[in-house]
Amino acid sequence: MEAKHRRKLPSRGRSSHQFTVAMAILSLVLAGGAVTGLGTSMPRPDPAASPAEAAVREPVGDPSNTTRLVHRDRITGDISPKSVVASPTGDVIANNMMYNHTSTLYDASSLELAATVPDTVDLAEFGYPERAGETTGAPVEAVFSPDGKYAYVSQYSLKGPGAGETATDDCAAGDAIGNSAVYRLDLETKEWDQVIEVGRVPKFISLSPDGSVALVSNWCDSSVSVVDLDKGEEIRQIPVDSAPRGSVVLPDNRTAYVTAMYADELYRVDLETGESELVLETGRKPRHLVLSPDASRMYLTESGDDRLLELDTATGEVLREVATGREPRTMAISPDGLALYVVNYYANTVTKFDAETFEEIQTVEVGQNPIGITYEPTHGRVWVANYAGSIDVFDDTAPRDGTMEP
């Protein structure tokens, strides 16, 4: 649900001297600490790391810009996946919006359905006694805690006691739309164990590298919520502009970038001070962001202009651009930082790009309306959420000029 509505709000929260100094320091840290070349940007394995942690730190197989995607399976069922996200430890979650009112969990090894989790909760059991009774959500996006024990899932809207007016992408009901929430899923019990109130129509959710803070895009509030995950509560909202969507948090755990999709803008925000700064007027409909493993580069899809951009994270400067298929939405990056995978919503394809040369490696056909994508690190696979009701899974370990056994 991303309508063609577009409205531009006044710019807010320009940077202070303190924020500028902080970014200068971050720039020096990135310049001094980054390893030259994306191909060598993965940290060396820690001998004390658990097998799951080691799997994340060591890329599976050959460098990802020397391999090709080979289709392995198509998952169907009672799903309408808006997104698909892999954990660092072998779990994959798909989020099925209000069309199915579920999040579905899959085993990354077998590709089998592990659990179907309804979005129905009683908010009184989660600290909201005034909203006792049955409430349904609408799962949009998810992010896993660094240890893979929890998945935080944004709920497009809540429907039940005290919910307010119906939420829509054009935000027609305005302030009458009720606040929504992020649910936390315990991967061991497969049950929701926490509900955190945020703003109106939350969509994308990202975590700080240290796992202490979540950043949630409030589509109908033109803001982002900063959530303290230890406390399980929103601690502030930061204004940006119309229809905030994608976000990333840098290694300092306080500086983030956020796209304002219908304002055609990119913002830098300070999670501690609550300040926001307009850093770039983009092309049409900037949607999704991902970071390179060393955080020196950031990638941005422009859905309305069919482009993929590479930016400098210290300055926000555009370094390179390349054409994509029709309406690129979500993307993923390989753990070694050498390949980018972009879904082309109206072309029903996924394009793999070489992050070193910024050239297309491969385009593959997928199901109808691909909208979400993730790289599953324990097996070197790419999962694609097709909004019309399927998930495609690709192996990405075959040599580019070779074959792969099924």
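Tutor: A disulfide is a pair of cysteine sulfur atoms within 2.5 Å. The structure above is a predicted model, where local features need pLDDT of at least 70 and side-chain atom pairs count only at pLDDT 80 or more, while totals for chains, interfaces and linings use all residues. Residues are numbered from 1 along each chain as its sequence is written, and side-chain values use heavy atoms, with hydrogens and water left out.

Student: Which residue does a disulfide join to Cys171?

Tutor: A search of the whole structure finds one disulfide. Its sulfur atoms lie 2.1 Å apart, and the partner of Cys171 is Cys220.

Student: Is the link of Cys171 and Cys220 left-handed or right-handed?

Tutor: Look at the angle about the S-S bond, which is -85° for Cys171 and Cys220. With that angle, the link is left-handed.

Student: How many residues apart are Cys171 and Cys220?

Tutor: Strands here are DSSP runs (E, at least two residues), numbered from the N terminus. Cys171 sits in the loop between strand 9 and strand 10, and Cys220 in the loop between strand 13 (213–218) and strand 14 (223–228). The pair links distant parts of the chain, 49 residues apart.

Student: Is Cys171 buried or exposed?

Tutor: Buried means under 20% relative accessible area, exposed over 50%, and partly exposed in between (1.4 Å probe, protein chains only). Cys220 has 12% and counts as buried. Cys171 has 13%, so Cys171 is buried.

Student: Which strand gives the largest share of the largest nonpolar core?

Tutor: A nonpolar core is a set of buried Ala, Val, Leu, Ile, Met, Phe, Trp, Tyr and Cys residues joined through side-chain atoms within 4.5 Å. The largest one has 19 residues, and Ile93, Leu105, Tyr183, Leu185 and Trp192 touch the most other members. Two or more residues come from each of strand 5 (113–118), strand 8 (139–144), strand 9 (150–155), strand 10 (181–186) and strand 11 (191–197). The largest share, three residues, comes from strand 10.

Student: How many residues are in the other core, the one with Trp219?

Tutor: This core lies apart from the largest one, and among its members are Met97, Ala138, Trp219 and Tyr345. Its number of residues is 16.

Student: Which strands stand at the edges of the open sheet 1-30-29-28?

Tutor: Four strands form this sheet in that order, with antiparallel pairing; two strands pair if DSSP finds at least two bridges between them. An edge strand has a single partner, so one side is left without a neighbour in the sheet. The two edges are strand 1 (67–75) and strand 28 (370–376).

Student: Which residue in strand 29 stands opposite Thr374?

Tutor: Six bridges join strand 28 to strand 29 (residues 381–386), and these two strands run antiparallel. The residue opposite Thr374 is Trp383.

Student: Which residue in strand 3 stands opposite Val85?

Tutor: Another four strands form an open antiparallel sheet in the order 2-3-4-5, with strand 2 (83–86) and strand 5 at its edges. Four bridges join strand 2 to strand 3 (residues 91–95). Opposite Val85 stands Ile93.

Student: What is the phi of Val201?

Tutor: Most residues other than glycine have a negative phi. Val201 lies in the loop between strand 11 and strand 12 (202–207), and is buried at 1% relative accessibility. Although Val201 is not a glycine, its phi is positive, about 55°.

Student: Where is Asn253 placed?

Tutor: Asn253 also has a positive phi, of about 65°, although it is not a glycine. With a relative accessible area of 22%, Asn253 is partly exposed. Its place is the loop between strand 16 (244–249) and strand 17 (255–260).
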